[in-house]
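Me: I have a model open and want to work through it residue by residue. Shall we start with the sequence and structure?

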Amino acid sequence: MNDLQTKLFETVRQRAQNPKHWIDEIAVVLCKSKHAIYKKIQGETSLSLDEVVTLASHYRVHLDPMIRPGSVLSFEFPFQNGSSHYTEHLSNIRKQIEVARTLPDAHLWHTGIELPFIHDHLFPDIVAFKFFIHSRTIWSNRSQEHSRFNLEEARKDVRLAKQLKEILRLYYQFPTTEIWNCMILDITLSQIKYALQSHMLVHHEDALQLCNALDEFIAHVELMAERGYKFIPGERAGAKFELYHNEIAHSTNVLLLKSGRGDILYLGFTNPQYMYSHTGPATESAERWLHMLRSNATPITRESRKERFMFFTTLQKKIARARAEIEVIIKMNAL
């Protein structure tokens, strides 16, 4: 059997909805008998070009890395067609999480210098503000060019709160390992101050309310780190949660989904949008790097009480300093 066909069948087997009956599944996809599929798998006959394209398209397999291993990294980008409305972005996130939940032994790794993936979904105030900032200053949406953020109006969006909680419930059902550093809040705090100074807020006091939401956010993550599992306040325990503090290595948001049916690498791109790849060399390199980060990091989950206290106290002080600066700016604007 040719090498490409071997690699393609192996990848398809890993990505089949039911790996135990993957041959039946391929037979349906290619509209062939099981006997014909067995002959192709055993190398007695070859896949036609049309069959290769059909399998690659159906199972979202990148052929370049198989043809030229190590020389090509293929990424997919769930482009939003110029739309900056949160519903499309959240829909993409939900689809990815639903896929992850179907994978055996799914485990997500995350590191970065921006607010950690999904946890902020507990606090719609933060998410609504972040979407406003992205649509106004990053996505260059002309309809939002002169808009201003109104937290009171944002809180009336019950659909947003509902979507966030639904995603969070799914996400909290599989384990994660996260590697944070003390810069994790810097970008968001800078965005709040920038919005205030640039007259993007309808009510100046909204900047203080956003700081309060960040305080609640940090307090909840600290509690999850203490208990060692993820959970929504008032609801039952979710999956395992491991948190580490790395003071040296910093990066844009990187997520690696590990599973028994293959790995997926997500890279932040025009945040909060992302690119993702199933490419072997990319995911393998990311896994080695993440393990290196963890080996040089301080665990702050469960028994690491002293380290956890010091880390989260540092974050709380950052919020307190930002709040004090914001109060000064509000007073200056009132003169």
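**Burial, helices and contacts**

Me: Is Cys31 buried or exposed?
Reply: Cys31 has a relative accessible area of 69%. Buried means under 20%, exposed over 50%, and partly exposed in between, with a 1.4 Å probe and protein chains only. Cys31 is therefore exposed.

Me: What kind of model is this?
Reply: Residues are numbered from 1 along each chain as its sequence is written, and side-chain values use heavy atoms, with hydrogens and water left out. Local features need pLDDT of at least 70, side-chain atom pairs count only at pLDDT 80 or more, and totals for chains, interfaces and linings use all residues: this is a predicted model.

Me: Where does Cys31 lie, and what is its phi?
Reply: Cys31 lies in the loop between helix 2 (22–30) and helix 3 (34–41). Helices are DSSP runs of H or I, at least four residues, and strands are runs of E, at least two, numbered from the N terminus. Most residues other than glycine have a negative phi. Cys31 is not a glycine, yet its phi is positive, at about 55°.

Me: Which residue in the loop between helix 10 and helix 11 has a positive phi although it is not a glycine?
Reply: The loop joins helix 10 (residues 186–197) to helix 11 (residues 206–227). The phi in question is about 60°. The residue in that loop is His199.

Me: Why is helix 2 described as largely enclosed by the rest of the structure?
Reply: Its buried residues are Trp22, Ile23, Glu25, Ile26, Ala27, Val29 and Leu30. They pack against helix 1 (3–15), helix 3 and helix 4 (49–58). Helix 2 is largely enclosed because its buried residues number 7 of the 9.

Me: Which residue is Gly43 separated from by 8.5 Å between C-alpha atoms?
Reply: Gly43 sits in the loop between helix 3 and helix 4. Gly43 is partly exposed, at 31% relative accessible area. Its partner is 37 residues apart along the chain: Thr6.

Me: Which backbone oxygen does the His134 side chain reach?
Reply: His134 belongs to helix 7 (residues 124–138) and is buried, at 3% relative accessible area. A polar contact is a pair of N or O atoms within 3.5 Å; within protein, one must be able to donate a hydrogen and the other to accept it, and residues adjacent in sequence count only if both atoms are side-chain atoms. At 2.9 Å, the His134 side chain reaches the backbone oxygen of Lys130.

Me: Which residues does Ala213 touch, not counting those up to four places away in sequence?
Reply: Ala213 lies in helix 11 and is buried, with a relative accessible area of 5%. Contact means heavy atoms within 4.5 Å. Ala213 touches Phe123, Asp125 and Ile126.

Me: At what angle do helix 10 and helix 11 pack?
Reply: Axes are lines fitted to C-alpha atoms, for helices over the stretch in contact, and angles run from 0 to 180 degrees between N-to-C directions. Thr188, Leu189, Ile192 and Leu196 in helix 10 meet Ala207, Leu210 and Leu214 in helix 11. The axes are 10 Å apart, and the angle is about 170°.

Me: How many charged residues are in that contact of helix 10 with helix 11?
Reply: Ala, Val, Leu, Ile, Met, Phe, Trp, Tyr, Cys and Pro count as nonpolar, Asp, Glu, Lys and Arg as charged, and the others, Gly among them, as polar. The contact has 6 nonpolar residues, 1 polar and, as for charged, none.

Me: Are helix 11 and helix 13 roughly parallel or antiparallel?
Reply: Helix 13 covers residues 305–334 and packs on helix 11 at about 175°, with the axes 10 Å apart. Angles under 35 degrees count as roughly parallel, over 145 as roughly antiparallel, 65 to 115 as roughly perpendicular and the rest as oblique. The two helices are therefore roughly antiparallel.

Me: How many charged residues are in the contact of helix 11 with helix 13?
Reply: On helix 11, the residues include Asp215, Glu222 and Glu226. On helix 13, they include Arg308, Arg323 and Glu327. Nonpolar residues number 12 and polar ones 2, while the charged count is 6.

Me: What share of the protein chain counts as buried?
Reply: The chain holds 13 helices and 7 strands. Of its 335 residues, the buried share is 48%.
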